[in-house]
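Ready to practise reading a protein structure? Take a moment to turn the model around before you pick up a pencil.

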Amino acid sequence: MKELEKQLKALANARRLSILRNLKQKELLSVSALAGLLHLSIRSTSRHLGVLRAAGIVHSEQRDLLVFYFLPADLPPIAKFILEQL
């Protein structure tokens with residue numbers, strides 16, 4: 001139940017939903033690319049991505065100095081449902 005609560009809280013934010021919509025369309029994006037698309041600072045974008053990652057909704061991969069984010073194949077069911085609505 002606690003995991004579901006964490007996921008719902010992560011999804012209850014317009015900026016984080018925008019991140020998910022962008023990842024759904026482009027599949028793999030760096031923090032700086034997402035920040036540019038959302039017109040947010042890299043710091044703010046990183047914070048939102050951290051919440052999504054902690055909830056298991058996005059995964060990350062480091063390549064050299066850049067961190068890229070993507071939607072995992074094993075997306076939680078509630079996140080999968082929300083993503084279908086975006």
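Below are six exercises on this predicted model, each with a worked solution.

**Exercise 1. The sheet**

Work out the order of the strands in the sheet, and find which strands stand at the edges.

*Solution.*
- Step 1: Start with the order. The open sheet is built from three strands, arranged E1-E3-E2 with antiparallel pairing.
- Step 2: Look for the edges. E1 and strand E2 (59-63) each have a single partner strand, so one side of each has no neighbour in the sheet.
- Step 3: Add the twist, which averages 30° from one strand to the next.
- Step 4: Check the pairings. E1 is joined to strand E3 (residues 66-70) by three bridges, and Leu29 has Tyr69 as its bridge partner in E3. Five bridges join E2 to E3, and here Arg63 stands opposite Leu66 of E3.
- Step 5: Inspect the hairpin of E2 and E3. Two residues lie between these strands, and Asp64 takes a positive phi near 55°.

**Exercise 2. Helices against the sheet**

Find which strands helix H2 touches, and the angle that its direction makes with E1.

*Solution.*
- Step 1: Locate helix H2 at residues 14-26; it packs on the sheet, where it touches E1 and E3.
- Step 2: Compare directions. H2 makes an angle of about 125° with E1.
- Step 3: Now try another helix. H3 (residues 31-38) lies across E1 and E3 and runs at about 90° to E1.

**Exercise 3. A closer look at H2**

Test whether the length of H2 agrees with what its 13 residues should span, then list its buried residues.

*Solution.*
- Step 1: Take 1.5 Å a residue. The expected span of H2 is then 18 Å, and its end C-alpha atoms are 18 Å apart, so the two values agree.
- Step 2: Go to the start of H2. There a side-chain oxygen of Asn13 comes to within 2.9 Å of the backbone nitrogen of Arg15.
- Step 3: List the buried residues of H2: Arg16, Ser18, Ile19, Leu20, Asn22 and Leu23.
- Step 4: Ask what covers them. The cover includes helix H1 (2-11), E1, H3, helix H4 (42-54), E3 and helix H5 (77-85).

**Exercise 4. Ser30 in its surroundings**

Is Ser30 buried or exposed? Describe what it touches.

*Solution.*
- Step 1: Place the residue. Ser30 belongs to strand E1 (residues 28-30).
- Step 2: Use the accessibility. Ser30 has a relative accessibility of 7%, and buried means under 20%, so Ser30 is buried.
- Step 3: List contacts. Leaving out residues up to four places away in sequence, Ser30 touches Val67 and Phe68.
- Step 4: Look at the side chain, which makes a polar contact of 3.2 Å with the side chain of Ser32.
- Step 5: Compare sequence with space. Ser30 and Tyr69 are 39 residues apart along the chain, while their C-alpha atoms are 6.1 Å apart.

**Exercise 5. The nonpolar core**

Find which elements give two or more residues to the largest nonpolar core, and examine Ile57 and Gln7.

*Solution.*
- Step 1: Recall a trend: nonpolar side chains tend to be buried together in soluble globular proteins.
- Step 2: Describe the core. The largest one has 20 residues, and those with the most contacts inside it are Ile19, Leu20, Leu23, Leu52, Ile57, Val58 and Leu71.
- Step 3: Name the contributors. H1, H2, H3, H4 and H5 are the elements that give two or more residues to this core.
- Step 4: Follow Ile57. Beyond its neighbours within four places in sequence, its contacts include Gln7, Leu20, Leu52 and Leu71.
- Step 5: Turn to Gln7, which is in helix H1. Its relative accessible area is 10%, so Gln7 is buried. Besides residues up to four places away in sequence, Gln7 touches Ala55, Ile57, Pro76 and Ile78.

**Exercise 6. Positive phi in two loops**

Where do Glu27 and His39 lie, and are they buried or exposed?

*Solution.*
- Step 1: Recall that most residues other than glycine have a negative phi.
- Step 2: Take Glu27, in the loop between H2 and E1. Its phi is positive, near 70°, and at 60% relative accessibility Glu27 counts as exposed.
- Step 3: Take His39, in the loop between H3 and H4. Its phi is positive too, near 60°, and at 73% relative accessibility His39 counts as exposed.

Definitions and conventions: Residues numbered from 1 in each chain as written. Predicted model: local features only at pLDDT ≥ 70, side-chain atom pairs only at ≥ 80, totals over all residues. Heavy atoms only, no water. Helix = DSSP H or I, 4+ residues; strand = E, 2+ residues; numbered from the N terminus. Buried < 20%, exposed > 50% of the residue type's maximum accessible area, 1.4 Å probe, protein only. Contact = heavy atoms within 4.5 Å. Polar contact = N/O pair within 3.5 Å; in protein donor to acceptor, adjacent residues only side chain to side chain. Pairing = 2+ DSSP bridges. Axes fitted to C-alpha atoms, helices over the stretch in contact; angles between N-to-C directions. Expected span 1.5 Å × (residues − 1). Core = buried A, V, L, I, M, F, W, Y, C linked by side-chain atoms within 4.5 Å.
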